[in-house]
Structures are given as C-alpha cells and as structure tokens.
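Ready for a little practice in reading a fold? Have the viewer open and try each task before you look at its solution.

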Amino acid sequence: MIRLNLNREPQWVALLPGVRVLAAPATTAIMGAARRDPILEGVDETTDQDEAALRFAKAVAFQVISEWEGIEGKDGGLAEVTREHIDALLDNYRIFEGWQLEYMARWLGLEQEKNASAPLPNGTSAGAPNIAEPAPPAAKPARRTGTSRKA
C-alpha cells in the first residue's frame with residue numbers, strides 16, 4: 001500500500017545541518033527527463049553501480065533543485081543554482097548520501113515496494129534481521145541412574 005501525495009509544490013529537503021535544497025517532487029515526468037539527461041550517456045550494465053547511482057542522482061537533481069540554502073560560492077556569498085554547482089555539490093560524499101536518503105529514497109522506495117524479489121521482513125530471507133538470542137552452551141548431560149518408580 002502506498003500513500004498518494006497530491007502536493008506538486010517543491011519542498012525543502014535537508015541534506016546536512018544548515019544545508020537544504022528546494023526540490024520539486026520526483027514525478028514520472030521528472031524521472032523520464034532525468035533518464036534522457038546527457039550525463040547518463042554511456043551508462044550500461046557494465047558501469048560501476050556507484051558511478052551509475054551518482055550520475056542518476058545528478059540527473060534528477062538537475063531537474064528538480066530550484067533553490068538552496070547553506071551553499072557558498074567562491075566569493076563567500078550564496079552560490080547560484082546552476083548545473084555546474086549542483087554537479088559539484090553532489091560530488092561531496094556527505095551531501096550525496098543526504099540526497100540519496102532524503103530525496104531519492106522517496107522514489108526508489110516506491111520502486112522497491114513493487115519488486116517481488118525484495119527481501120521479506122521475516123522468514124529465512126536475507127533481509128530478515130536475526131532476532132533470536134544465542135543458545136546457551138550445552139548443559140552437562142544428566143547421569144543415567146535408575147528411576148525411583150517401581151515397576
């Protein structure tokens with residue numbers, strides 16, 4: 001089950017304390033435009049997954065970020081929101097992780113819910129956490145002696 005968000009207004013996304021971006025929702029149209037972005041040229045099944053994820057995150061960011069706070073330019077003032085600056089911003093690993101967790105996960109989370117092969121939260125799946133306590137060491141076996149019951 002998913003909850004529909006009918007709000008199409010851009011929302012502030014905190015990437016780090018003091019750093020946030022105003023980003024439009026990740027609609028199907030946005031994702032389609034991002035997939036056609038020139039930054040993704042040459043990305044295929046042989047491309048390193050981390051490199052492909054970074055490029056796709058940048059392609060989406062180019063489409064949706066319209067404003068930001070806490071990002072300085074070379075002159076010390078607020079940096080202008082440009083493709084070049086967004087590219088440089090996401091090259092910072094901590095910012096990239098924040099973008100992935102706070103913005104991209106909204107889209108990717110819905111995609112994962114549709115994946116029938118996703119790990120289950122219980123059972124023997126690799127996605128299930130181990131919640132059982134370790135068994136205590138084997139107790140010393142009881143001595144076999146006769147029972148006190150009479151035959």
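Three exercises on this predicted model follow, each with a worked solution.

**Exercise 1.** Work out the order of elements along the chain.

*Solution.* Begin by counting: the chain holds four helices and three strands. Then walk from the N terminus, and the elements come as β-β-α-α-β-α-α.

**Exercise 2.** Describe the sheet, and find which strands stand at its edges.

*Solution.* Start with the strand order, which is β1-β2-β3 in an open sheet with antiparallel pairing. Next, look for strands with a single partner: these are β1 (11-16) and β3 (65-69), so each has one side without a neighbour in the sheet. On average, neighbouring strands here are turned by 25° against each other, direction ignored. Now zoom in on β2 (residues 19-23), which is joined to the antiparallel β3 by four bridges. One residue pair to look up is V21 with its bridge partner W68 in β3. Finally, add the helix: α2 (residues 49-64) packs on the sheet and touches β2 and β3, with its direction at about 90° to that of β3.

**Exercise 3.** Decide whether K58 is buried or exposed, and list what K58 touches.

*Solution.* First locate K58, which lies in helix α2. Its relative accessible area is 6%; the cut-off for buried is under 20%, so K58 counts as buried. Then collect the contacts: leaving out residues up to four places away in sequence, K58 touches I39, D87, L90 and D91. For the wider setting, buried residues make up 26% of the 151 residues in the chain.

Methods
Residues are numbered from 1 along each chain as its sequence is written. This is a predicted model: local features need pLDDT of at least 70, side-chain atom pairs count only at pLDDT 80 or more; totals for chains, interfaces and linings use all residues. Side-chain values use heavy atoms; hydrogens and water are left out. Two strands pair if DSSP finds at least two bridges between them. Helices (H or I, at least four residues) and strands (E, at least two) are DSSP runs, numbered from the N terminus. Axes are lines fitted to C-alpha atoms, for helices over the stretch in contact, and angles run from 0 to 180 degrees between N-to-C directions. Contact means heavy atoms within 4.5 Å. Buried means under 20% relative accessible area, exposed over 50%, partly exposed in between (1.4 Å probe, protein chains only).
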